[in-house]
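Here is a short tour of one protein chain, meant to be read with the model open beside you. Turn it as you go, and follow the packing from one helix outwards.

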Amino acid sequence: MRILSGIQPTGDKHLGNYLGAIRRWVEQQDEADCFYPIVDLHAITMPQEPAELRESTLNLAALLIACGIDPDRSTLFVQSHVPEHPRLTWVLECMTPYGDLRRMPQYREKSARDQGFGVGLLTYPVLQAADILLYQADLVPVGEDQRQHLELARDVAQRFNNRFGETFTVPEGTYPEVGAKVMDLQEPTSRMSTSAESDAGVLRLLDPPDVIRRKLRSAVTDSGKDVVRSPEKPGVTNLIEILSAATGDAPEAIETRYDGRGYGGFKTDVAEALVDLFTPIQTRFAELRDDPAELRAILAKGAAKAHAVASSTLERAYANVGFVSP
């Protein structure tokens with residue numbers, strides 16, 4: 001079984017990214033052959049500062065390793081280090097209907113806001129399909145916002161296979177469980193996001209302990225003092241779910257433990273649980289960033305492993321299309 005999950009290097013990664021994706025990727029390493037590309041080619045569909053993109057790509061690589069992605073058990077690499085990605089994309093673009101791409105939700109939303117967008121905003125779902133198909137991925141974990149993109153990848157694979165013979169594995173999607181969300185500490189009815197108006201509601205994985213404690217102290221709770229989950233208490237519900245995820249304690253046990261104790265000590269304990277969760281990640285991250293040669297060597301090793309698989313797939317696709325081999 002092969003699993004592929006890509007992640008963009010832009011934006012500071014937060015608790016929602018960790019609980020919703022990264023921690024699951026760590027667990028999957030014992031279940032499947034996992035490929036984890038840092039998709040920097042996707043990042044430039046929107047304007048980026050070159051120095052910032054370079055720094056954020058290396059930061060993300062270090063962070064993923066610090067969170068538990070083992071380069072010896074998984075294939076961690078930077079997308080732009082494997083030239084087969086754009087090479088397969090061109091072939092797939094030539095057999096992807098324009099109308100299919102115009103219907104993609106991200107394209108509709110972003111193009112409506114800015115008419116000066118680049119063509120990559122329209123075509124990047126085909127690059128995403130190439131990312132998946134190059135590695136013959138069986139499973140692709142995606143959020144609901146990416147469901148249509150995965151369906152496009154499936155359609156592209158089936159269309160290619162029907163026309164040129166069996167070439168690509170048709171991937172299946174896996175979707176997060178309902179309710180597997182981390183909400184903003186200041187706006188607990190909205191998901192935690194680095195694009196939030198207030199930084200106070202976002203718990204970044206590299207936030208220092210004093211910052212984490214300050215954000216938890218100011219986290220929105222609700223009327224009353226009962227530490228219970230309820231639709232009428234989204235703030236407290238969110239904190240209970242965060243504490244449960246950080247410690248492994250069942251939400252019901254947390255509600256019993258804090259029954260009648262109010263919010264003060266509860267919020268302090270949530271903060272300390274997150275400090276305990278983040279500290280070893282931050283320590284390992286700092287070690288990796290202090291040794292750029294080691295980090296680049298790890299990424300080079302991952303790119304070599306990825307290239308070995310991707311080049312074989314691309315060679316087969318090129319041959320089936322009818323290109324003359326060099």
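In this predicted model, the buried residues of helix H4 pack against helix H2 (40-43), S3, H7, helix H8 (147-164) and H13. H4 itself spans residues 84-93, and its buried set is made up of Glu84, His85, Leu88, Thr89, Val91 and Leu92. Because these residues cover an arc of only 165° around the axis, they sit on the same side of H4.

One of the partners, H8, is worth a look of its own. Its 18 residues reach 26 Å from the first C-alpha to the last, close to the 26 Å expected at 1.5 Å a residue. The buried residues of H8 include His149, Arg154 and Asn161 alongside Leu150, Leu152, Val156, Phe160 and Phe164. Just after H8 comes Gly165, with a positive phi of about 95°.

Now to the nonpolar cores. Which residues have the most contacts inside the largest one? They are Leu15, Leu64, Leu216, Phe266 and Leu274, in a core of 56 residues. The elements giving two or more residues to this core are helix H1 (15-28), strand S2 (33-38), helix H3 (50-67), strand S3 (75-78), helix H9 (209-217), helix H10 (234-247), helix H12 (264-289) and helix H13 (292-321). H12 gives the most, with 11 residues. If you centre your view on Leu64, you will find it touching Ile7, Ile22, Trp25, Ile38, Ile69 and Leu76, leaving aside residues up to four places away in sequence. There is also a second, separate core of 38 residues, and among its members are Val91, Ala157, Ala306 and Leu314. Two of these names are already familiar: Val91 is one of the buried residues of H4, and Ala157 is one of those of H8.

Three individual residues make good stops along the way, and the table sets out how accessible they are.

| Residue | Relative accessibility | Class |
|---|---|---|
| Gln136 | 14% | buried |
| Thr247 | 37% | partly exposed |
| Glu31 | 47% | partly exposed |

Gln136 lies in the loop between helix H7 (120-133) and strand S4 (139-141). Its phi is near 50°, a positive value in a residue other than glycine. Gln136 counts as buried because its 14% relative accessibility falls under the 20% cut-off.

Thr247 belongs to helix H10. A polar atom of the Thr247 side chain lies 2.7 Å from the backbone oxygen of Leu243. The C-alpha atoms of Thr247 and Gln136 are 36 Å apart, with their positions 111 residues apart along the chain.

Glu31 is in the loop between H1 and S2. Its side chain makes a polar contact of 3.0 Å with the side chain of Arg24. The C-alpha atom of Glu31 is separated by 9.1 Å from that of Arg2, 29 residues away along the chain.

Finally, step back to the whole chain. How many helices and strands does the chain have? The count comes to 13 helices and 5 strands. A compact globule of 326 residues would have a radius of gyration near 20 Å, so the 22 Å of this chain agrees with that expectation. Along the principal axes, the C-alpha atoms fill a box of roughly 75 × 45 × 40 Å. Of the 326 residues, 48% count as buried. Among contacts between residues at least 6 apart in sequence, 72% join residues at least 24 apart.

Technical notes:
Residues numbered from 1 in each chain as written. Predicted model: local features only at pLDDT ≥ 70, side-chain atom pairs only at ≥ 80, totals over all residues. Heavy atoms only, no water. Helix = DSSP H or I, 4+ residues; strand = E, 2+ residues; numbered from the N terminus. Buried < 20%, exposed > 50% of the residue type's maximum accessible area, 1.4 Å probe, protein only. Core = buried A, V, L, I, M, F, W, Y, C linked by side-chain atoms within 4.5 Å. Contact = heavy atoms within 4.5 Å. Polar contact = N/O pair within 3.5 Å; in protein donor to acceptor, adjacent residues only side chain to side chain. Arc of directions from axis to C-beta. Expected span 1.5 Å × (residues − 1). Rg over C-alpha atoms; globule rule 2.2 N^0.38 Å.
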